[in-house]
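Please open the model in your viewer and keep the selection panel at hand. The tour goes from one selection to the next and says what is there.

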Amino acid sequence: MPLYHTDDQTMLSDTVGQFMAEEGAIAKQLRHWRDRDCKDGFGHALWKQFAEMGFTGILVGEDDGGLGMGHVEAGIVLEEIGRNLTPSPFLTSAVLAGTALQHGSDDLRGRWMPGLVSGESVFAVAIDEGAKHRPERIRTRAEKSGNGFRLSGRKDFVVYGGSADMIVVAARTSGADDDAEGITLFAVPKDVAGMSHDAVRLVDSSMATHTTFDNVELDGDAVIGEVDGGREILNKVLMAGRVGAAAEGVGVARGAMDMTVDYLKQRKQFGKLIGEFQALQHRAAHLYSEVEIARAVTIKAQQLLDAGSEKADLMASVAKAKVGKAAGLAVKEGVQMHGGIGMTDEYDIGLYMKRDRALAEFMGDVYYHAGRVAEMSGY
Amino acid sequence: MPLYHTDDQTMLSDTVGQFMAEEGAIAKQLRHWRDRDCKDGFGHALWKQFAEMGFTGILVGEDDGGLGMGHVEAGIVLEEIGRNLTPSPFLTSAVLAGTALQHGSDDLRGRWMPGLVSGESVFAVAIDEGAKHRPERIRTRAEKSGNGFRLSGRKDFVVYGGSADMIVVAARTSGADDDAEGITLFAVPKDVAGMSHDAVRLVDSSMATHTTFDNVELDGDAVIGEVDGGREILNKVLMAGRVGAAAEGVGVARGAMDMTVDYLKQRKQFGKLIGEFQALQHRAAHLYSEVEIARAVTIKAQQLLDAGSEKADLMASVAKAKVGKAAGLAVKEGVQMHGGIGMTDEYDIGLYMKRDRALAEFMGDVYYHAGRVAEMSGY
Amino acid sequence: MSDLDTFRAETRAWLEANCPPEMREPVRDDQDVYWGGRKATFKNDAQKAWFEACRDKGYTVPAWPKEYGGAGLSPAEAKVLREEMARIGARPPLSSFGIWMLGPALLHFGTEEQKKKYLNEIARGEIRWCQGYSEPGSGSDLVSLQTFGEDKGDHWVVNGQKIWTSYADKADWIFCLVRTDKNDKYRGITFMLFDMETPGVSTKPILLISGNSPFCETFFDDVKVPKDQYVGEINRGWDVAKYLLGHEREMISGADSSERGAGIGAMLKRQTGELDPVLRAELAMFDVDALAFSAMGEKFLDEVKVGKAHPAQPNMMKYAGTELNKRRHELIMAAGGSAVLEWESEETDGGKPARSWLRTKANSIEGGTSEVMLNVISKRILELPGA
Amino acid sequence: MSDLDTFRAETRAWLEANCPPEMREPVRDDQDVYWGGRKATFKNDAQKAWFEACRDKGYTVPAWPKEYGGAGLSPAEAKVLREEMARIGARPPLSSFGIWMLGPALLHFGTEEQKKKYLNEIARGEIRWCQGYSEPGSGSDLVSLQTFGEDKGDHWVVNGQKIWTSYADKADWIFCLVRTDKNDKYRGITFMLFDMETPGVSTKPILLISGNSPFCETFFDDVKVPKDQYVGEINRGWDVAKYLLGHEREMISGADSSERGAGIGAMLKRQTGELDPVLRAELAMFDVDALAFSAMGEKFLDEVKVGKAHPAQPNMMKYAGTELNKRRHELIMAAGGSAVLEWESEETDGGKPARSWLRTKANSIEGGTSEVMLNVISKRILELPGA
């Protein structure tokens, strides 16, 4: 498959781009909800609009009422989300939880998919334990209890956990903390007894929770896939999440870069447009090159994921790491090249820096994924 | 002690600088011997001149006929050696082997020091085993044999080993390969039976050997210091070598930088001196900053070493690593900024790149020393 | 006993008697130090007592001449005082831009009358000053400033806008660069002084990406400034500004090079437990740079003391130090993971790590951008041609 | 069966019959490929047979029209041929700057007569060409070239010096940029063609820091060039040169992006055993960049095929690819340690790793420096103002 968007994908990209620039714009969404100290961190009305546009069900099979598209298409939505810093539960709900649910039973999908597709429901995933992404180690335990399970443990960095109608929780049903096997995924509804959230606002104004499970009783039908067989699904969820976060990161990088290049064409110092200074030109050109490469490998990872290739896992880590580097560079150069004004809350470039930071951390940072690339390559 | 040269040191620096620029100049030494395919890789006549100037005995105690100066002074000589790419056995003989011999008995010093001071003798050290510097692991073994020892093993990267009248060899007299203790240093004369050299020319035209010891019989008085007590001396040798190599690296960096900055002021392209292009200006200014910092920490390490501070070991690794970065940058920027002409053998900038490469590897590279900094810092 | 030993003994005794124990605690925030001024209040009695004791002794500005409110100490004596204060951890009795910036300018360029009046007011903490240099349109290119003072005979009428005026909302007076000749870029600026209560002056605090800040925007709307309120010569204010900028960069570059030169790997390992192996390697590479920079800081200060440092070397220190500090905080964020993303939580003390990280991004902008520093290094140290 | 399928079947059969097994081995050095020319000799019979079969079929330049010595294949057919040759690992039957560079220029700018003569000679391997662009004083600023052709009515007299003329010592003819009007920088250059055996032409090989090289210095001392030996228009040779430079950068940037995009960590671990943990981390960070760049290479080629790539994108590919390749070889040297420092030893095959490492330093200089690439990106892609 050629590594560029097909005509259909280009059309989708145009549609999404226009929609997001209008409805998802920084002033209309991010700043709006932030300045109102919104406890969700995003607007439910926009989430409904996402549903009307078909975005919410973009990865959901047609049998479940979705569009049955792939990660390239989800990535198109995410790139525009990133470019506009649009706060939404798209990544956690439609990509992460959605991918998990695809492996659920008919009953489970029947229970949750309609809400996702219609934009009525918001989902989250609870994977991380501790401040760094280390999904190889799962300590949260689900003990058999009657026909169901009793869940205990603590999850961190549960993005939009406080707003979620359902949280996909990765728990250990057998084995030791570091075992690959023995993991089970559960779809945990919001109203279960024993689940409590400590909600925190993050640097990018998004919301996340530390979520504690204190002997939470779950029915057997909360299990996604097979008991003890969750690692494989979890890996798929992680791949989808990494590639998705990479796509959003590409959008953040391109948004920050475009804003900065525009500024270089407008701001005058020493009687010249600052974009005439060769030192800045070269840095901007280098940045362009890094962002282009990050975008290419992200599309590559999306295609591999859609093709079910066994290389997808490696390339997902490459993409997440490379985007981490490129977007990090884009926001740093962005703030520096804006000078003092870039440090003010009034200008948007700082918002890109904040979003990049949170996104860099989400689903594993550049160091984690570089390490994975080494391990998967055998060194 | 203030972190700049005293008046005496400044005077020494001027003297050495003038001497090296005349007698040690690239055309007169490096190119001269290289183009004649000299098997020593340096000129014995210059080594004699070093002796006349007092350089050879700069670290040798006054009782042994030397000047009894410190590593700051040795570093002054080395910086000028680096700046002029002067091939000489100064680092291996006067700094490394010399430091080892300082811990030898009166007899041993009486046997070897006069030759060093007079420039009659050339010494080498044989520490590395394998292609990377890992002195924590010593496999070469010296078994007790009568009143002496029988030495067997192979050493690599023995710089000027083929020309050496004596080689300081680090061998294991007890314990396992990775033990800290159980090391003994030996002063091995060149004519012992069972020692053989496989001499190779290196990228910088210096010479080194793979040296094999096949049941080499050594007298007990070849031992430097105590049997099994060589680790402490070895550590001092290593510190001296690292700080010394750092000082030479500073010289290489400054030499390459000065040559490049000069070129920026002469070469015209697009109707301008290329030094007028801001992108090159900023890179040159950044390079200046890195080289200044590398020089500062090298002097700091020299002073700590001279003061016998316990921080010397850490700072020696910091200096070696920092100089590795800064000098590496200097030669890379040097060649790139010279453009095509910098790629030709006719121009000297490429010689700086070659010397830097060999020096970067000698006594541990930037990665090795960064790792040591982490370990010594407790992480 | 030498004179200096005597002085040390006396100083020690004086400090013992006059520096209250509360004033020997580390400074935790802005309010722990007295900034003086008309609107100033003391945080507690100890702060008041310590300030007044120092003021009366001339120790708010110990090296200034006695007639200007100082103690007239020699450099050697001033060093002894600093050392003795550091020994007991004494807080500065008074902080202000008057002490750091306007004072040195007045000592160098002021008339006798100005020195008497303004320096004494500063030394006694009576007037708090702020600095009006930057404007929205003139950041790195400071000299392009547009705030204009129209000559009205015995006074100027000043109109324009300043930005990044720290604590403008708390200051009594401002020292301010004002264009007084539109035809000469460099020789058309006057270094004016005026009261912030003059009609037409207003200020507005600036919210940064890291949160609240001491920075303000300051607006001048037909502000009348008497014709005798300037330093140096009329239209030659750029000389005064340049003098102060050099002073400022030297201070910034020297100031916290020791903090910037500390390794962080060990601290982050303690704080976060396990370190990812690739992150560990990055930290090791950072620590090499940081520890090397600490040696550079030491060398720089040693050389400054004896006048050996290249006059443009502070630019290099500022460049390298601020870039290093940004990298330091990037790594602190990386090691801290999702925990340090928190913006308002108690666990992070109100988002301290994230706010500090964002705040460091200004390091390479304020007091001269990294780009300007590199320009200066290439021109003045490497002597590269052209702009 | 479609026409293309038929063509594929025929091609496969033809290759089976005509490509000797020896010509299906990987190319190890320059001599494994036939470069043609008056002085050329074949390394062996197989090479001769393979070359002659291709020449007779028009397969040395399959996409060129038949009348110029090609096979007149359509783009689709040419692709099938490439695929089928790749399938059996067939070596190129003929390599030359005539095929890659002069040919495309002549096809675009040449007269009918020139095409007939020169293209046929190239296609048949009769004349080997070299390129005379760079001069000692004009590197990145190619257009500042000084080699001058004085107009003598029916001929020019050319004086000057070229540098980096690859294989000038082995070539029969040169295509060469010569200034013919000193008053117009861009419109004062003529793209001339002449025989290297013309009196006054001499060459001298250039020794590189990596050792021997195909590069030469080439000197013109009163070289007579007939007035009809130029391409395009007189004084408009810069148009031809620009066309070729674009062509060249596209080739360079596309060519080995796959090689450049390979990870090296695993290979170095196998070669060297243990990896230092900090070096391992550097390799991991490199591999991320390298694997990402391989995707970029793929994307770029896909986009070029359908005309979607930005016309200046080859500059970005060249910049990123060459910088990456330099870093790759730095890491190979670091992992190899003292063993790969050896310059003439058998163990390193005559210093191969070190020589390759040094050779890569030219990657970011030849064919347009990284600095020029960044200039082009900033101007043509980012549309930044000014030079």
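**A salt bridge between chains A and C**

Select Arg201(A) and Glu344(C): the two form a salt bridge, with their closest N and O atoms 3.8 Å apart. This is a predicted model, and the distance is computed from its coordinates. Between chain A and chain C the count is five salt bridges. Across the interface of these two chains, 18 residue pairs are in polar contact, both residues of a pair being at pLDDT 80 or more.

**The side of chain A that touches chain C**

Next, colour chain A by element. Which elements of chain A give two or more residues to the side that touches chain C? They are strand 6 (195–201), strand 9 (268–269), helix 8 (278–306), helix 9 (312–338), helix 10 (349–361) and helix 11 (366–377). Helix 10 of chain A gives the most to this side, with six residues. By class, the residues on this side of chain A divide into 15 nonpolar, 11 polar and 14 charged.

Now show the whole contact. Chain A contributes 40 residues to it and chain C contributes 45. The two chains bury about 3500 Å² between them, and 61% of that is on carbon and sulfur atoms. To see where chain A loses the most area to chain C, select Gln336(A), Met343(A) and Tyr367(A), which together make up 22% of what that side buries.

**Chains C and D**

Hide chain A and show chain D with chain C. Here six residues of chain D are in contact with six residues of chain C. The area buried between chain D and chain C is about 510 Å², 72% of it on carbon and sulfur atoms. Select Val278(D), Ala281(D) and Met285(D): in chain D these lose the most area to chain C, together 60% of what that side buries.

How many salt bridges are there between chain D and chain C? The count is zero. The count of residue pairs in polar contact between chain D and chain C, with both at pLDDT 80 or more, is also zero. The side of chain D that touches chain C has four nonpolar residues, no polar ones and two charged ones.

Then superpose the two chains. A turn of 180° with a shift of 0.0 Å along the axis lays chain D on chain C with an RMSD of 0.1 Å. That is the relation of a two-fold axis. In chain D, the C-alpha nearest the axis belongs to Ala281(D), at 3.2 Å from it. Of the interface residues of chain D, 100% are also interface residues in chain C, so the copies meet through the same surface.

**Thr173(A)**

Bring chain A back and centre on Thr173(A), in the loop between strand 4 (166–172) and strand 5 (183–189) of chain A. Its side chain makes a polar contact of 2.5 Å with the side chain of Thr184(A). Another polar contact, also of 2.5 Å, joins the side chains of Thr173(A) and Asp228(A). Leaving aside neighbours within four places in sequence, the residues in contact with Thr173(A) include Ala142(A), Phe149(A), Phe186(A) and Val227(A). For a view across the chain, add Gly342(A): from Thr173(A) it is 169 residues away in sequence and 49 Å away in space, C-alpha to C-alpha.

**Confidence**

Last, colour chain C by pLDDT. Its mean is 93, and 96% of its residues reach 70 or more. For the complex, the predictor gives an ipTM of 0.94 and a pTM of 0.94. Where pLDDT is low, the predicted coordinates should not be read in detail.

How values were computed. Residues are numbered from 1 along each chain as its sequence is written. Chains are lettered from A and ligands numbered from 1 in the order in which they are written. Side-chain values use heavy atoms; hydrogens and water are left out. Copies are superposed by least squares on the C-alpha atoms of residues with pLDDT of at least 70 in both. Contact means heavy atoms within 4.5 Å. Buried area is the accessible area (1.4 Å probe) that two parts lose on being put together, summed over both. A salt bridge is a side-chain nitrogen of Lys or Arg within 4 Å of a carboxyl oxygen of Asp or Glu. A polar contact is a pair of N or O atoms within 3.5 Å; within protein, one must be able to donate a hydrogen and the other to accept it, and residues adjacent in sequence count only if both atoms are side-chain atoms. Helices (H or I, at least four residues) and strands (E, at least two) are DSSP runs, numbered from the N terminus. Ala, Val, Leu, Ile, Met, Phe, Trp, Tyr, Cys and Pro count as nonpolar, Asp, Glu, Lys and Arg as charged, and the others, Gly among them, as polar. pLDDT is the predictor's confidence in each residue, from 0 to 100.
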